[in-house]
Amino acid sequence: MENVQIRDYTDADYNQVKQILIEGNLFDETLDSRDNLRKKIERDPASIIVAVFDNRVIGNAYIVEDGWAHFIFRLSVSKEHRKRGVGKLLMQAAEKRMKDRGTPEVGLLVRSDDNELVGYYKKQGYTHSEKTFRFMWKKLS
């Protein structure tokens with residue numbers, strides 16, 4: 001897609017990113033809260049990227065990297081801009097950032113029942129594990 005800019009997320013992007021995550025059935029009130037995203041970019045300003053077209057955020061991806069595990073997380077594109085290469089641009093930008101940091105490989109999580117998305121990631125060169133994992137979490141109070 002022409003004229004799409006990939007840049008670092010800022011707090012001003014929050015409402016647009018939240019809407020895109022909701023459209024993609026990815027939004028979690030705790031994990032994706034404005035405060036959590038603000039803390040994430042305070043620790044690492046390049047850890048969330050957005051795709052911008054016509055001064056609007058149309059896609060996003062989180063980069064999770066701690067020196068041991070490396071993930072692309074929460075990649076999502078607005079419904080009206082899907083299937084136009086925006087996701088691929090975000091994937092390439094996230095992968096480049098991690099490669100530039102010396103990351104040897106990158107993983108991602110995808111719902112096993114989302115065959116369309118599994119197929120999409122396979123086209124991007126990702127392979128799936130033969131093991132099935134369930135993501136679990138606990139809120140620390």
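A residue counts as buried when its relative accessible area is under 20%, as exposed when that area is over 50%, and as partly exposed in between. By that yardstick R97, with a relative accessible area of 22%, is partly exposed, because 22% falls between the two cut-offs. The structure described here is a predicted model, and the same three words come back throughout.

The sheet is a good place to start. Strands of a sheet pair through backbone hydrogen bonds, either parallel or antiparallel. Here, 5 strands make up an open sheet in the order 1-2-3-4-5, and the pairing is mixed. Strand 1 (5–8) and strand 5 (107–108) stand at the edges with a single partner strand each, so one side of each has no neighbour in the sheet. Strand 1 and strand 2 run antiparallel and are joined by 4 bridges. As for I6, its bridge partner in strand 2 is A51. Helix 2 packs on this sheet, where it touches strand 2 and strand 3, and its direction makes about 60 degrees with that of strand 3. Helix 3 (residues 86–100) lies across strand 1, strand 2, strand 3, strand 4 (70–77) and strand 5, and it runs at about 160 degrees to strand 4.

Now for the helices, beginning with helix 1. Its buried residues include Y14, V17, I20 and L21. Looking down the axis of helix 1, the buried residues fall within an arc of 130 degrees, so they line one face of the helix. What do they pack against? The buried residues of helix 1 pack against helix 2, strand 2, strand 3 and strand 4. After helix 1 comes N25, which has a positive phi, near 60 degrees.

Helix 2 (residues 34–43) has L37, K40 and I41 as its buried residues. Down the axis of helix 2, these residues fall within an arc of 90 degrees, so they too line one face of their helix. On the other side of helix 2, E42 and R43 are exposed. The buried residues of helix 2 pack against helix 1 (14–23), strand 2 (48–53) and strand 3 (56–65).

Just ahead of helix 1 there is a loop worth a look. D13 lies in this loop, between strand 1 and helix 1. Is D13 buried or exposed? D13 has a relative accessible area of 4%, which is under 20%, so it counts as buried. Leaving out residues up to four places away in sequence, D13 touches R7, D8, V50 and V57. D13 and R34 are 21 residues apart along the chain, and their C-alpha atoms are separated by 9.9 Å.

Next come the nonpolar cores. The largest has 18 residues, and the ones with the most contacts inside it are I72, L75, L90 and M91. Strand 2, strand 3, strand 4 and helix 3 are the elements that give two or more residues to this core. Helix 3 supplies the largest share, 6 residues. If neighbours within four places in sequence are set aside, the contacts of L90 include I6, A51, A61, L75 and V77. There is also a second, separate core of 13 residues, which includes V17, I20, L21 and L37.

Finally, the charged residues. Side chains of opposite charge can pair when their charged atoms come close. How many salt bridges are there in this model? The count comes to 12. In one of them, the side chains of D8 and R97 meet, at 2.5 Å from N to O. This pair links distant parts of the chain, with D8 in strand 1 and R97 in helix 3, 89 residues apart. D8 is partly exposed, at 29% relative accessibility, and R97 is partly exposed too, at 22%.

K83 also forms a salt bridge, with E116, and the closest N and O atoms are 2.8 Å apart. This pair again links distant parts of the chain: K83 is in the loop between strand 4 and helix 3, E116 is in helix 4 (residues 115–123), and the two are 33 residues apart. Both K83 and E116 are exposed. R111 and D113 meet in a salt bridge as well, at 3.1 Å from N to O. R111 is partly exposed, with a relative accessible area of 44%, whereas D113 is exposed, at 56%. Salt bridges can also join up into a network, as they do for D11, R34 and R38.

Notes:
Residues numbered from 1 in each chain as written. Predicted model: local features only at pLDDT ≥ 70, side-chain atom pairs only at ≥ 80, totals over all residues. Heavy atoms only, no water. Buried < 20%, exposed > 50% of the residue type's maximum accessible area, 1.4 Å probe, protein only. Arc of directions from axis to C-beta. Contact = heavy atoms within 4.5 Å. Pairing = 2+ DSSP bridges. Axes fitted to C-alpha atoms, helices over the stretch in contact; angles between N-to-C directions. Core = buried A, V, L, I, M, F, W, Y, C linked by side-chain atoms within 4.5 Å. Salt bridge = Lys/Arg side-chain N within 4 Å of Asp/Glu carboxyl O.
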